[in-house]
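Welcome, and thanks for opening the viewer. Let's walk through this model one selection at a time.

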Amino acid sequence: MSATETEDTGTDHGHHPTAREYVQIAIVLAILTALEVSTYFFDFGRIAIPLLIILMAIKFVMVAGFFMHLRFDTKIYSRLLYTGLIFALVLYSITLAIFVFERAPSA
Amino acid sequence: MAADAHATTLGLDHRKLAMWTFLGSEFLFFGAFVATFLLYVTTTAGGPGVEIFDIPFTSISSFVLLMSSLTMVLAHNAHRQGDLRRMRLWILATAGQGAVFLGGQVFEFTVFVKEGLVLTRSPFASSFYVLTGFHGVHVFVGILLLLSLYSLSLTGKVKKDQDLKTEMIGLYWHFVDIIWVVIFTVVYLIPEIAVG
């Protein structure tokens, strides 16, 4: 069996975090959430929205990677999840862009 | 062999493969509602807008839901180790946190309605309630799944070597959590900052 076949057909690639490591990941997520909420109380200026989007993406990837075990499972599961996400992002970005441009002349 | 009966030609368990396919498709479901909300976020028809949001309150319920992902993964971890008693404890903790989140959402909706933000008040109100309401329905279904798992393990219908069942429900629960991570940022925080 080739290396590629091994990567694509295995269901569980050994190491899973320990309970202690899961708690450490949750602490990091809690800190990131606190940072997100701080943008409401403190003025971060122009970087507030990009910062919120970056924090959201980090939290998303951490939960999917560690709690949903995407980092340790076969890559097929990652592809299924992220394909759906990318489809949704592309489809709805185009839809929103169309609506915004449709409105532009009358605005 | 029982294990083979569940295998696909990919060599993967078909139930887990189906769950991941379902979760991938759920992005399109929620994406439609998020896009609609963004389209109508300023279309308040003279009614309340994003300034009605209580960010400190929603932050606490978001934190509770995030921490429920920790207890969920600890339940799966305990099941993997064959410790069903500890697994049941974490499952109950997860369902309890889900119930706290849902209770917070019901409270939030009640306050909003009292302040005039009813479902049909404006496109903003409709898109907000449909998006967050559907997420709440997902949390409710998750709680039912968790309580079913708890009952089935008590009656011996979920055994020590069947940790895939806990993992599947965990996948669904974590997904509901990551969708809220997106909603909390895109629906609550960013519009509040943009308006403020």
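Helices here are DSSP runs of H or I with at least four residues, strands are runs of E with at least two, and both are numbered from the N terminus. Keep in mind throughout that this is a predicted model.

**Stop 1: chain B as a whole.** Select chain B and colour it by secondary structure. You will find six helices and zero strands. Reading from the N terminus, the order of elements is α-α-α-α-α-α. Now turn the chain along its principal axes: its C-alpha atoms occupy a box of roughly 65 × 35 × 25 Å. Of the 196 residues in chain B, 43% are buried. If you like contact maps, take the contacts between residues at least 6 apart in sequence: 80% of these in chain B join residues at least 24 apart.

**Stop 2: helix H2 of chain B.** Next, select residues 14-40 of chain B, which form helix H2. How far apart are the end C-alpha atoms of H2(B)? They are 40 Å apart, and this agrees with the expected 39 Å because the helix has 27 residues at 1.5 Å a residue, with the span counted over one residue fewer.

Show the side chains of H2(B) and look for its buried positions. Among them are the aromatic residues B:Trp20, B:Phe27, B:Phe33 and B:Phe37. B:Lys16 is buried as well, and so are the glycines B:Gly24 and B:Gly31.

**Stop 3: where chain B meets chain A.** Bring chain A back into view. Here, 38 residues of chain B are in contact with 38 residues of chain A. On the chain B side, helices H2 (14-40), H3 (55-80) and H6 (163-195) each supply at least two residues. Which helix gives the most to this side? It is H2(B), with twelve residues. Colour the chain B side by residue class and you will see 24 nonpolar, eleven polar and three charged residues.

**Stop 4: B:Ala93.** Move on to helix H4 of chain B, residues 84-114, and pick out B:Ala93. Is B:Ala93 buried or partly exposed? It is partly exposed, because 18 other C-beta atoms lie within 10 Å, whereas a buried residue needs 20 or more. For a distance to draw, join the C-alpha atoms of B:Ala93 and B:Met67: they are separated by 9.9 Å, with the two residues 26 apart along the chain.

**Stop 5: the domains of chain A.** Finally, select chain A and colour by domain assignment, which gives domain 1 (16-71) and domain 2 (74-107). Taken over C-alpha atoms, the centres of these two domains are separated by 23 Å.

Notes
Residues numbered from 1 in each chain as written. Chains lettered and ligands numbered in written order. Predicted model: local features only at pLDDT ≥ 70, side-chain atom pairs only at ≥ 80, totals over all residues. Contact = placed C-beta atoms within 7 Å. Nonpolar A, V, L, I, M, F, W, Y, C, P; charged D, E, K, R; others polar. Buried ≥ 20, exposed ≤ 12 C-beta atoms within 10 Å, placed from the backbone. Domains from an automatic or database assignment.
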